[in-house]
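Here is a short tour of a protein model, written to be read with the coordinates open beside it. Let us begin with a charged residue and work outwards from there.

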Amino acid sequence: MMRKILSFTFLMCIAVLLCPLLLPSAHSQSVEGTLAAQSEAEALEEIVALELAIYETWYGESDPTAYAQQFADKATYFDPNLPEMIEDHAIKDHLMSFAGKIPNLNYKILNPRVDLYSDVAVFIFNLELYN
């Protein structure tokens, strides 16, 4: 029997200039306007697939590498368990400090939604974790 352990609500702003994985082909297309050309449904499908791949290594293998790699060199990270926000390369260092310490959990992304604004996608979802 699976028991719900935690439930989170996330709000992520993803700028295309900082997240080339949102592009159908980063090498063959210009970055400008690519996200705007996608429908919200297409962007949502792509972002959810990206998140699920990250959680597979985070919760399945206790490896934060894929998650850490999604952050641009210039970024800001807010964590309610930290006394203040962290920025830039310190984010990757912080996330990598969890390597081997992340419990093996099952997860579900619930209520995913994406709102597109020019070259920014705002991704909102609930994350439930199960043992």
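Asp73 is exposed, since its relative accessible area of 62% is over the 50% mark. This is a predicted model, and the side chain of Asp73 meets that of Lys92 in a salt bridge, 3.4 Å from N to O. Asp73 sits in the loop between α3 (65-69) and β2 (76-77), while Lys92 belongs to helix α4, so this contact ties together parts that are 19 residues apart in sequence. Unlike its exposed partner, Lys92 counts as buried, at 18% relative accessibility.

How many salt bridges does a search of the whole structure find? The search returns two. The other pairing joins the side chains of Asp115 and Arg113, at 2.8 Å from N to O. Here Asp115 is buried, with a relative accessible area of 16%, whereas Arg113 is partly exposed at 45%. The table puts the residues of both pairs side by side.

| Residue | Salt-bridge partner | N to O distance | Relative accessible area | State |
|---|---|---|---|---|
| Asp73 | Lys92 | 3.4 Å | 62% | exposed |
| Lys92 | Asp73 | 3.4 Å | 18% | buried |
| Asp115 | Arg113 | 2.8 Å | 16% | buried |
| Arg113 | Asp115 | 2.8 Å | 45% | partly exposed |

**Helix α4 and its surroundings**

Lys92 has buried company in α4: Ile91, His94 and Leu95 are buried as well. Viewed down the axis of α4, the buried residues fall within an arc of 160 degrees, so they line one face of the helix. What covers them? The cover includes α2, α3, β2 and β3 (86-87).

**Helix α2**

One of those covering elements, α2, spans residues 40-61 and has 22 residues. From first C-alpha to last, α2 reaches 31 Å, close to the 32 Å expected at 1.5 Å a residue. Its buried residues include Ala43, Ile47, Val48, Leu50 and Ile54, and also the aromatic residues Tyr55, Trp58 and Tyr59. Glu51 and Thr57 are buried too. Just after the helix, Ser62 takes a positive phi of about 55 degrees.

**The β4-β5 hairpin**

Now for the strands. β4 (residues 106-117) pairs with β5 in the antiparallel sense over ten bridges. The two form a hairpin with two residues between them, and in the turn Ser118 has a positive phi of about 55 degrees. Across the pair, Val114 stands opposite Phe123 in β5.

β5 itself (residues 120-130) is mostly covered, with nine of its eleven residues buried. Val122 lies in this strand and counts as buried, at 14% relative accessibility. Although Val122 and Leu44 are 78 residues apart in sequence, their C-alpha atoms are 9.8 Å apart in space.

**How far to trust the picture**

Across the protein chain, pLDDT averages 76, and 72% of the residues score at least 70. Where is confidence lowest, and where is it highest? The lowest is strand β1 (residues 4-15), with a mean of 51, and the highest is helix α4 (residues 89-96), at 93. Over residues 13-33, pLDDT stays under 50, and the model has 34 contacts beyond four places in sequence for this stretch. Where pLDDT is low, the predicted coordinates should not be read in detail.

Definitions and conventions: Residues numbered from 1 in each chain as written. Predicted model: local features only at pLDDT ≥ 70, side-chain atom pairs only at ≥ 80, totals over all residues. Heavy atoms only, no water. Helix = DSSP H or I, 4+ residues; strand = E, 2+ residues; numbered from the N terminus. Expected span 1.5 Å × (residues − 1). Buried < 20%, exposed > 50% of the residue type's maximum accessible area, 1.4 Å probe, protein only. Pairing = 2+ DSSP bridges. pLDDT = per-residue confidence, 0-100. Contact = heavy atoms within 4.5 Å. Salt bridge = Lys/Arg side-chain N within 4 Å of Asp/Glu carboxyl O. Arc of directions from axis to C-beta.
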